[in-house]
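Colleague: I have not worked with this model before. Could you take a close look at one loop residue and then show how its surroundings fit into the rest of the chain?

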Amino acid sequence: FPRRPVTREASTWEDNDTIDEESFARGHAAGAFTLSWRAHGLGYALPGSCRDAAEAGQVVVCNLSRTLIGEARKKLPNVSVVEVTASVAVLAARLALRGRSEDGHIGARIARSREVGAVAADHTIVNEGAPETAGRKLAAFLRKCAEMDVRNADATAS
């Protein structure tokens, strides 16, 4: 679960590594990030260590823009996409709780996410209830991925 560099201070809602705009631009230009993108006027990235860990066969769990799924699948081995979703009403309420007006109007954010279209997900979690419930579902999926990786490694070694 690597921490993402983001050009915003960390908060209760996002435990990121704060990076300034100049460092983000330099890192992006130098290819220092596994993936990087801009959204809501901010720069987001996955550190280069994500690429290294994935190539070493480790399970790496990252939160990224749905617009980068295709690029992630091209650049990284064995990418599995988990879409965590909820109804518009639940999403709007949760975004309102964050209180980040700099991210833009809530209705516009939800509409923009719908414009991107369907996500080619390998697994979908509907997160309508307690966060712990969705967390347990994600943990079960990750355990299944890790078990498959171990079985594949054993089969290759045989």
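**From one loop to the core**

Modeller: With a relative accessibility of 23%, Val 79 counts as partly exposed, because that class lies between the 20% limit for buried and the 50% limit for exposed. Everything said here refers to a predicted model. Val 79 sits in the loop between α3 and β5. Leaving out residues up to four places away in sequence, Val 79 touches Ala 72, Arg 73 and Asp 122. The last of these partners is distant in sequence: Val 79 and Asp 122 are 43 residues apart along the chain, while their C-alpha atoms are 9.2 Å apart in space.

Asn 78 is found in the loop between α3 (69-75) and β5 (82-85) as well. At 71% relative accessibility, Asn 78 counts as exposed. Its phi is near 50 degrees, a positive value in a residue other than glycine.

A contrast comes from another loop asparagine. Asn 127 lies between β6 (123-126) and α6 (131-157). With a relative accessible area of 15%, Asn 127 is buried. Its contacts, again without residues up to four places away in sequence, are Val 84, Thr 85, Ala 86, Val 90, Arg 94 and Ala 134.

Ala 72, which Val 79 touches, leads inward. Ala 72 is one of the nine residues of the largest nonpolar core, where its companions are Val 6, Leu 35, Trp 37, Leu 42, Tyr 44, Leu 46, Cys 50 and Leu 68. Two elements, β3 and β4, each give two or more residues to this core. The largest share, three residues, comes from β4. In soluble globular proteins, nonpolar side chains tend to be buried together.

β3 and β4 deserve a closer description. These two strands run antiparallel and are joined by six bridges. They form a hairpin with two residues between them, and His 40 in the turn has a positive phi of about 60 degrees. β4 is mostly covered, since six of its six residues are buried. In a regular strand the side chains alternate between the two faces of the sheet. In β4, Leu 42, Tyr 44 and Leu 46 point one way, Gly 43, Ala 45 and Pro 47 point the other way, and all are buried.

Across the hairpin, Trp 37 stands opposite Tyr 44 in β4. Both Trp 37 and Tyr 44 are buried. Beyond four places in sequence, Trp 37 has contacts that include Leu 42, Gly 43, Tyr 44, Ala 45 and Leu 46, and also Arg 4, Phe 24, Asn 63, Leu 64, Ser 65 and Leu 68.

The whole structure holds two aromatic pairs. In one, the ring centres of Phe 24 and Phe 33 are 5.7 Å apart and the planes meet at 25 degrees, so the pair is stacked. Phe 24 and Phe 33 are both buried. In the other, the rings of Trp 37 and Tyr 44 have centres 5.7 Å apart and planes at 5 degrees, so this pair is stacked as well. The 30 degree limit for stacking is the cut-off that applies here.

Helix α2 follows β4 in the sequence pattern. In α2 (residues 48-55), the residues Gly 48, Cys 50, Ala 53 and Ala 54 are buried. Their cover includes β3 (33-39) and β4 (42-47). After α2 comes Gly 57, whose phi is positive, near 90 degrees.

Stepping back, the protein chain has six helices and six strands, in the order β-β-α-β-β-α-α-β-α-α-β-α. Of its 158 residues, 29% count as buried. Among contacts with a separation of 6 or more, 52% join residues 24 or more positions apart. The accessible surface comes to about 9,800 Å², of which 55% belongs to carbon and sulfur atoms.

A last point concerns confidence. The chain averages a pLDDT of 84, and 80% of the residues score at least 70. Confidence is highest in helix α1 (residues 21-30), at a mean of 96, and lowest in helix α5 (residues 106-115), at 63. Where pLDDT is low, the predicted coordinates should not be read in detail.

Definitions and conventions:
Residues are numbered from 1 along each chain as its sequence is written. Side-chain values use heavy atoms; hydrogens and water are left out. Buried means under 20% relative accessible area, exposed over 50%, partly exposed in between (1.4 Å probe, protein chains only). Helices (H or I, at least four residues) and strands (E, at least two) are DSSP runs, numbered from the N terminus. Contact means heavy atoms within 4.5 Å. A nonpolar core is a set of buried Ala, Val, Leu, Ile, Met, Phe, Trp, Tyr and Cys residues joined through side-chain atoms within 4.5 Å. Accessible areas come from the Shrake-Rupley method with a 1.4 Å probe; for residues, only the protein chains shown count as cover. Rings of Phe, Tyr and Trp (its six-membered ring) pair if their centres lie within 6.5 Å; planes under 30 degrees apart count as stacked, over 60 as edge-to-face and the rest as tilted. pLDDT is the predictor's confidence in each residue, from 0 to 100. Two strands pair if DSSP finds at least two bridges between them.
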